[in-house]
Amino acid sequence: MSDVQLRLENVSAGYGRTTVLRDVDLEVHTGSVVALLGSNGAGKTTLLRVASGLLRPDAGRVLVGEAEVTRVAPNARARAGVCLIPEGRGVFRGMSVRENLLLQIPPWEKDKSFDLALETFPALKDRLGELAGRLSGGQQQMLALSRAFLAKPSLVMLDEVSMGLAPVVVDQIFESLHTLASSGTALLVVEQYVERALQMSDHVYLLNHGQVAFSGRPSELDEDEVIRGYLGHELNTPDVSSAS
Ligand code: ATP
């Protein structure tokens with residue numbers, strides 16, 4: 001098996017005539033945790049969209065393991081072990097929690113149990129019959145994150161999963177990410193809680209205007225200069241005024 005779970009080689013991508021990513025090289029090694037940092041609009045979500053197959057790059061290659069998947073559709077990439085938890089709680093609000101969980105189990109999985117998700121997020125246990133749209137913001141995010149446990153992926157990409165959540169819920173979310181990482185699942189993490197993301201990461205990439213401005217170990221990052229310079233905010237103070 002390849003040591004590299006995900007590789008982007010010289011990737012350029014954008015929307016219409018707007019180029020967002022320029023010549024991006026990025027690797028996520030098997031079982032490792034990689035943080036992807038950058039200011040608003042730097043291209044982090046665009047990179048995750050390219051990696052998951054939602055956006056086709058204008059140039060460059062995407063590999064999952066040793067297989068090139070540049071032109072492979074998102075559902076086939078999911079089958080190859082790639083799971084994206086998108087920004088903004090990807091749940092079906094008009095369906096029950098139980099139905100959402102069942103949908104997250106891939107069709108090729110014989111075991112249709114969602115117990116692992118309930119073990120990780122016990123708060124969902126008593127809400128199985130409830131419409132997902134009636135859950136709190138934190139519970140909806142837990143429901144969205146359940147996919148990472150039920151689809152048995154080898155790589156999970158997380159786009160700001162703690163966004164707008166109360167600190168106590170953020171703690172639970174990070175605990176679940178630690179559980180996932182310690183089970184050997186590789187993680188590519190876009191996160192507003194930069195310090196917490198760096199603490200759990202083996203490697204960090206910093207994007208600036210769609211280009212890789214830094215790639216290295218978190219300990220090599222000059223937090224004071226680089227992070228404040230590029231991110232424009234303090235390390236651990238995202239806006240939680242609208243937390244739910
Ligand atoms: P944020 O932290 O704000 O989510 P980001 O680093 O994830 O930022 P992207 O969402 O990848 O950045 O956006 C990069 C650039 O691409 C921005 O200038 C954004 O306005 C633009 N962009 C994003 N999505 C689209 C789209 N669907 N069509 C056109 N432009 C887009």
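## Largest pocket and salt bridges

By class, 17 nonpolar, 4 polar and 2 charged residues make up the lining of the largest pocket. The model described here is predicted.

The volume of this largest pocket is about 520 Å³. Its lining comprises 23 residues, and those nearest the pocket centre are Ala-78, Val-82, Cys-83, Leu-84 and Arg-147. Several elements contribute at least two lining residues each, namely the helices α2 (74–79), α3 (97–104) and α5 (137–150) and the strand β6 (82–85).

The structure also contains salt bridges. Side chains of opposite charge can pair when their charged atoms come close. In total, 7 salt bridges are present. Three of these pairs are set out in the table, with the distance between nitrogen and oxygen.

| Pair | N to O distance |
|---|---|
| Arg-61 and Glu-68 | 3.0 Å |
| Arg-127 and Glu-130 | 3.3 Å |
| Arg-217 and Glu-220 | 3.4 Å |

For the pair Arg-217 and Glu-220, the relative accessible area of Arg-217 is 49%, and that of Glu-220 is 44%. Both Arg-217 and Glu-220 are therefore classed as partly exposed. Elsewhere, salt bridges with shared partners link Glu-9, Arg-61 and Glu-68 into one network. Within that network, Arg-61 is partly exposed at 33% relative accessible area, and Glu-68 is likewise partly exposed, at 42%.

In the remaining tabulated pair, Arg-127 has a relative accessibility of 21% and counts as partly exposed, because the buried class ends under 20%. Its partner Glu-130, at 26% relative accessibility, is also partly exposed.

Terms used:
Residues are numbered from 1 along each chain as its sequence is written. This is a predicted model: local features need pLDDT of at least 70, side-chain atom pairs count only at pLDDT 80 or more; totals for chains, interfaces and linings use all residues. Side-chain values use heavy atoms; hydrogens and water are left out. On a 1 Å grid over the protein atoms alone, a cavity is a set of points where a 1.4 Å probe fits but cannot get out, and a pocket is an open set with protein on both sides within 12 Å along at least five of seven lines; lining residues have an atom within 4 Å of a point. Grid points are joined across faces, edges and corners, and a volume is the space filled by probe spheres set on the points. Helices (H or I, at least four residues) and strands (E, at least two) are DSSP runs, numbered from the N terminus. Ala, Val, Leu, Ile, Met, Phe, Trp, Tyr, Cys and Pro count as nonpolar, Asp, Glu, Lys and Arg as charged, and the others, Gly among them, as polar. A salt bridge is a side-chain nitrogen of Lys or Arg within 4 Å of a carboxyl oxygen of Asp or Glu. Buried means under 20% relative accessible area, exposed over 50%, partly exposed in between (1.4 Å probe, protein chains only).
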